[in-house]
Amino acid sequence: MVYSYTMITIKRRREINLKSWHKNYQKNKKSKFEYIRKWRKSLDGFKFEMYRNIKRRLVRNPAYKHRKLSFSKESFFVFLKGSNYGKIHTEWVKSNYKYKMTPSVDRINNQGNYSIDNIQIITVIENNKKKRK
């Protein structure tokens, strides 16, 4: 097949446009990922992460298969407003997001289900110390 000059230039333009589009896509993808990563550490974003992690644990971890979740996302958020979550989250941010200072959902009675009256918010280090007793 014989290509004319205009067909070759059109193909090259498409290749150039595709390369520039791909660069922009990668750049925006990276900035979008950074935005999501920052949001997940924010006060509101981390609430969603904690609720999502509880649900995942109940579904994916065989040790938790018989446990039940007896509250909705909205009631969990209301519980967090009345708890010390804000204070613990602020200390976590001040510590430059050290893992030991991360807010954690703890079941007061480990044999019980996840219910509003059976959970408390503590740091990861406190939760780990509690497990060892």
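A search of the whole structure turns up 9 aromatic pairs, and they make a good place to start with this predicted model. One of them joins Phe-46 and Trp-92: the ring centres are 4.8 Å apart and the planes meet at 50°, so the pair counts as tilted. This pair also links distant parts of the chain, since Phe-46 belongs to helix 2 (residues 43-60) and Trp-92 to helix 4 (residues 85-94), 46 residues apart.

**Aromatic rings**

- A pair of aromatic rings is described by two quantities, the distance of the centres and the angle of the planes.
- For Phe-46 and Trp-92, the angle of 50° falls between the cut-offs of 30 and 60 degrees, which is why the pair is called tilted rather than stacked or edge-to-face.
- Are Phe-46 and Trp-92 buried or exposed? Both residues are buried.
- Ring pairs also build a cluster, whose members are Trp-39, Phe-48, Tyr-51, Phe-71, Phe-76, Phe-77 and Phe-79.

**Lysines over ring faces**

- Lys-47 sits over the face of Phe-77, at 5.2 Å from the ring centre, and Phe-77 is itself one of the residues in the ring cluster.
- Lys-41 lies over the face of Tyr-97, at 4.5 Å from the ring centre.
- Helix 1 covers residues 5-41, while Tyr-97 is placed in the loop between helix 4 and strand 1.

**A nonpolar patch on the surface**

- Which residues make the nonpolar surface patch? Tyr-35, Ile-36, Trp-39 and Phe-48 do, and the patch comes to about 400 Å².
- Helix 1 gives the most to this patch, with 3 residues.
- Ile-36, one of the patch residues, lies in helix 1.
- The relative accessibility of Ile-36 is 33%, so this residue counts as partly exposed; being over 30%, that value also meets the accessibility cut-off for a patch residue.
- Trp-39 and Phe-48 appear in the patch and also in the cluster of linked rings.

**The loop between helix 4 and strand 1**

- Asn-96 is found in this loop, which leads to strand 1 (103-107).
- Although Asn-96 is not a glycine, its phi is positive, at about 65°.
- With a relative accessibility of 63%, Asn-96 counts as exposed.
- Tyr-97 lies in the loop too, and its phi is near 60°, again a positive value in a residue other than glycine.
- Tyr-97 counts as partly exposed, at 31% relative accessibility, and its ring face is the one that Lys-41 lies over.

**The loop between helix 3 and helix 4**

- Asn-84 lies in this loop, with helix 3 spanning 73-82.
- The relative accessible area of Asn-84 is 37%, so Asn-84 is partly exposed.
- How many residues apart in sequence are Asn-84 and Ile-121? They are 37 residues apart in sequence, while their C-alpha atoms are 6.8 Å apart in space.

**The protein as a whole**

- The protein has 5 helices and 2 strands, and from the N terminus on its elements run α-α-α-α-β-β-α.
- There are 133 residues, of which 27% count as buried.
- Among contacts with a separation of 6 or more, 50% are between residues 24 or more positions apart.
- The accessible surface comes to about 10,400 Å², and 56% of that belongs to carbon and sulfur atoms.

Terms used. Residues numbered from 1 in each chain as written. Predicted model: local features only at pLDDT ≥ 70, side-chain atom pairs only at ≥ 80, totals over all residues. Heavy atoms only, no water. Phe/Tyr/Trp six-rings, centres within 6.5 Å; stacked < 30°, edge-to-face > 60°. Helix = DSSP H or I, 4+ residues; strand = E, 2+ residues; numbered from the N terminus. Buried < 20%, exposed > 50% of the residue type's maximum accessible area, 1.4 Å probe, protein only. Lys NZ or Arg CZ within 6 Å of the ring centre and 35° of its normal. Patch = residues over 30% accessible without salt bridge, like charges linked within 9 Å, V, L, I, M, F, W, Y side chains within 5 Å. Areas by Shrake-Rupley, 256 points an atom, 1.4 Å probe, with all protein chains shown as cover. Salt bridge = Lys/Arg side-chain N within 4 Å of Asp/Glu carboxyl O. Contact = heavy atoms within 4.5 Å.
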